[in-house]
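Subject: Structure for you to look at

Hello,

Here is the structure I said I would pass on. Please open it first, then read the notes below it.

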Amino acid sequence: MSGVIKKDESGVYQRVVLKNAAPYHYVNVCLVLEDESTKLSAVEFKQFITSGLKSLYGEVGAALAFDVLKYNEDKRTALLRVNSRGLVKLWSSLTLLGSYQNQACAFRVLQVSPYLLALTGNSRELQLD
Amino acid sequence: MVRVKRRYLLCEVNVSKRSDLLQLDDRAVAAAVRAAVALTHGDYGAAHCLVGFSVKYLNAHTGMVFLRFPKRCYKLLWSALPFITSIEARGQKIPCFLNCVHVGGTIRTCQKFLIRYNTQQLHRMLPKCKDEEEKQQVREAILQCSLPGGKKEAFEDELESEEDEEK
Amino acid sequence: MSVDVSHAPRSVLVCDRSSFLDEKNRISSQLQQLHFNYKVSLLLPECSSAPSHLDSVLKSFSSFYLIRNMPIYELLDKHFLETAVYQGSVSGLSHRTRIDEENCVALMPNGRLCLSLDKHSFQVLGVEGKPSKFNHKTKNRFVVSVDLTDSSMAPGGRGYVRLLTGLRSRLHLRTDFLLSHHPGGGASLQHLLSRYDWSEHRPEISSRVLTDLSCPALLSSDPQPGDAHSFLEWLGAVDADISCENSSSSFMSSLVCPEPKTMLDKALSVSVCGLLRPQDVHRLVQQLRRHLEQPGPAPWASLTVHGFVDSPVSWGDGEHGVLIGGENFYNLLMFQDHTYHLHLATGSHDPCPQ
């Protein structure tokens, strides 16, 4: 993390540049299951991701703190918040999660950003037809 | 000439019964380390353990172990060592813990450290002896175990194998 | 070799504080930096319906066109250049092309045409370009940037012919294309539109009234710019409709509103989506200032503008790309005493905003 501060004499104008200072990263994920009718509650969803972290990164990985900010039970999409240091760990364990209760599954990472605001304005979602 | 970068961890195995130490062998210690790494760091850590990890030397009398780790991930693997609570050797479980006393880049520096460390320990122990006779006994015991033969040869082997790695 | 798993990709956040009354403020030039705006969202505290003057500005955002499967050489059409590009009244962007996978095209209002091409397309096109600065080592993406108003690019000129034949006979680049134009400039586009399947779109407005919202206490003289991230997080949570009422021991989420906080009885969140022109955004900012001047309980107003993720340019003429997310957006927080906080946020493949 670093910051550059420029201030002019009157003190009215101030400019601060924060580099790599984002404390969290936000991930928009979607869980795709073979059997579309399977129901997953938010708690089961989080538990499932934690189990994936545990198998790839062990007890240390399972202790990684991440939050499920929003979960849509019908579409099985979720907004996750994770510490910036844990982003790569979370992402890689999501990638390697391949089965849920003996059925094939996959996580689709739809969007990743250091700002939660960016997830609400994704221009790739623009539908004009 | 590129050298494969390693880290050597000099650890002492602490057991409650000293006689248990004689039961230990290289493979038992390696298996215990692998199991601890797999538990704390999962598949990611276990995979790091596959290449470049080995137990280079084990002194079953003093309980000194040299563990060799690849340099790039030795901190990760090191962090798993405190989670070793027992080592299974020859069918029995020996409760113990590992205490890391030195981290070195070559076996030679670890050996030098070990000799210095043991000397220090001796200087610390000698004043605690109750009388002259006991001190004399200790000195004789030391002379006996440092006789040319057993231990020294083992070290020479290690040094040779270290030079092999210097490509 | 092993990869460090505890490092996140680069990101930059610029926080500016100044006052509208300061002559040296650069707010209008800063707002013009993003040429292709996808979404504008407003958050107005203590407000349950948009004031009429704001509403009329929101409704007057100019419409834009979607041209389906348009060959890019159409942008070099002589008639189009003369009636639209030279007037500086038109800007456009390829639609549904992902800049990390496909070829993207942008036509900037100053008459610059910017193509972000993969290596194969670049070699087929045969026009001078530069390797993308974000993967200059592998050199698998190239940027071709030409100024259409330059004399060598005048119809019939050497550069013009080379680019036109490249696009027409060698690289058959066709994409869906979004075009926006000056209000009233639609006639100049008719010649182009008549030849392709096109549709006109109005920016989509949606609004939401939020009640009993916990909100960080925002002060214009807040000396600590370090909590910019937590403020933006809170704003994102409001925008994404995420509850901030969590206890620290909650299993699901520990997101909370930053301290010190206050409660808002009601707040209005309005968003506009589409290809929006920076001039429209600028008008909206002026109206918001007027809204704040009126006596009322609203102590501040926030405006967030998101740029297009797949635009080849952002922050002026800088090159833009996508590594993990191509976010380029800014947030303008305005206070009653004419001071403002401007946060400019970028992702990994972006220049630092000025």
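How many residues does the contact take from chain A, and how many from chain B? Eight residues come from chain A and eight residues from chain B. On the side of chain A that touches chain B, three of the residues are nonpolar, three are polar and two are charged. Please keep in mind that this is a predicted model.

The rest of my notes concern chain C.

Chain C has 354 residues, and 45% of them count as buried. Its secondary structure consists of eight helices and 17 strands. Measured out along the principal axes, its C-alpha trace spans about 65 × 60 × 40 Å. The radius of gyration of chain C is 22 Å; this agrees with a compact globule, because a globule with 354 residues would have a value near 20 Å. Among the contacts in chain C with a separation of 6 or more, 75% are between residues 24 or more positions apart.

The domain assignment splits chain C into domain 1, which covers 12-61 + 203-346, and domain 2, which covers 64-201. Taken over C-alpha atoms, the centres of domain 1 and domain 2 of chain C are 31 Å apart. Where these domains of chain C touch, 14 residues of domain 1 are in contact with 20 residues of domain 2. The domain 1 side of that contact in chain C has six nonpolar, five polar and three charged residues.

Regards

Technical notes:
Residues numbered from 1 in each chain as written. Chains lettered and ligands numbered in written order. Predicted model: local features only at pLDDT ≥ 70, side-chain atom pairs only at ≥ 80, totals over all residues. Domains from an automatic or database assignment. Contact = placed C-beta atoms within 7 Å. Nonpolar A, V, L, I, M, F, W, Y, C, P; charged D, E, K, R; others polar. Helix = DSSP H or I, 4+ residues; strand = E, 2+ residues; numbered from the N terminus. Rg over C-alpha atoms; globule rule 2.2 N^0.38 Å. Buried ≥ 20, exposed ≤ 12 C-beta atoms within 10 Å, placed from the backbone.
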